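Trainee: I would be grateful for a close look at the aromatic ring pairs in this model and at the parts of the chain around them. Please treat the matter in one connected account.

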Amino acid sequence: MREQNHFNINKIFTVEDAILEQISATAAFLEANGRYGLTRNYYHHGSTTIYEHCRNVAFTSCIIANKFHLCVNYDWLIRGALLHDYYLYDWHVKEKEHMLHGFRHPKTAWKNAQQDYQLDEVEKNIILCHMFPLTIVPPMTMEGWIVCIADKICAVNEIRKGEKR
């Protein structure tokens, strides 16, 4: 008797499915090997946590790269996007260290990421330059520019989502 395959042939894999799967796998690795899980505890824009925001930025970055057929390294793009706001504090709390958050948090995020993970130059550039033009130095890589743009798109959407409530 012939053995039956147990594949769900009704499931159609889309580019979006593949992107979400890679983002989830990368986030799981970061949680297992560092303090990434702490990003679930801090709110970023409205009711969106840093964890959710960084996943949104990673997804939007991949969609932009795919849509425009940009030559990027998706591993670097996703890791950089997931770590771009890895500053691990509540910037809404009025403390001296949180003053000028928009200008300072990329360096704090980079220091935290460097402490917990092995970063390459592209990921470092993504983290340090994602707030351009607020920070003076622009991104030097295609991945950095994409995350910089995706971050602004996601921030606007998250703030608008919070206003509707």
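Mentor: In this predicted model, a search of the whole structure finds 4 aromatic pairs. A pair of aromatic rings is described by the distance of the centres and the angle of the planes. For Y36 and Y51, the ring centres are 5.7 Å apart and the planes stand at 55 degrees, so this pair is tilted. The pair links distant parts of the chain, with Y36 in the loop between α1 (15-33) and β1 (43-45) and Y51 in helix α2, 15 residues apart. Y36 and Y51 are both buried.

A second pair, F132 with W145, is edge-to-face, with 5.6 Å from centre to centre and 85 degrees between the planes. This pair also links distant parts of the chain: F132 lies in the loop between α5 and α6, W145 lies in helix α6, and 13 residues separate them. F132 counts as partly exposed because its relative accessibility is 22%, and W145 is likewise partly exposed, at 34%.

Ring pairs further join Y36, Y51, Y86 and Y117 into a cluster. Y51 has a charged partner as well: the charged end of R40 sits over its ring, 3.9 Å from the centre.

Helix α2, which spans residues 50-67, also holds H53. With a relative accessibility of 0%, H53 counts as buried. Leaving aside residues up to four places away in sequence, H53 touches H44, H45, T48, H84, D85, D151, C154, A155 and E158. The C-alpha atoms of H53 and Y43 are separated by 9.0 Å, and these residues are 10 apart along the chain.

Around the second pair, the loop between α5 and α6 (142-163) contains T135. The side chain of T135 reaches the backbone nitrogen of F132 at 3.4 Å. T135 has a relative accessibility of 13% and therefore counts as buried, the limit being under 20%.

Helix α5 covers residues 121-129, and its buried residues are V122, E123, N125, I126, I127 and C129. An α-helix has 3.6 residues a turn, so residues three or four places apart point the same way. The N-terminal end of α5 is capped by D120, from which a side-chain oxygen lies 3.0 Å from the backbone nitrogen of V122.

Helix α3 (residues 74-83) has a comparable contact at its start, where a side-chain oxygen of N73 reaches to within 2.9 Å of the backbone nitrogen of D75. This helix is mostly covered, as 7 of its 10 residues are buried. The buried residues of α3 are L77, I78, R79, G80, A81, L82 and L83.

The cysteines complete the account. A search of the whole structure finds 0 disulfides. C148 is in no disulfide, and the nearest cysteine sulfur, that of C129, is 8.3 Å away. That separation does not meet the cut-off for a disulfide, because the two sulfur atoms would have to be within 2.5 Å. C148 is buried, with a relative accessible area of 3%, and C62 is buried too, with a relative accessible area of 0%.

Key
Residues are numbered from 1 along each chain as its sequence is written. This is a predicted model: local features need pLDDT of at least 70, side-chain atom pairs count only at pLDDT 80 or more; totals for chains, interfaces and linings use all residues. Side-chain values use heavy atoms; hydrogens and water are left out. Buried means under 20% relative accessible area, exposed over 50%, partly exposed in between (1.4 Å probe, protein chains only). Helices (H or I, at least four residues) and strands (E, at least two) are DSSP runs, numbered from the N terminus. A polar contact is a pair of N or O atoms within 3.5 Å; within protein, one must be able to donate a hydrogen and the other to accept it, and residues adjacent in sequence count only if both atoms are side-chain atoms. Contact means heavy atoms within 4.5 Å. Rings of Phe, Tyr and Trp (its six-membered ring) pair if their centres lie within 6.5 Å; planes under 30 degrees apart count as stacked, over 60 as edge-to-face and the rest as tilted. A charge sits over a ring if NZ of Lys or CZ of Arg is within 6 Å of the ring centre and within 35 degrees of the ring normal.
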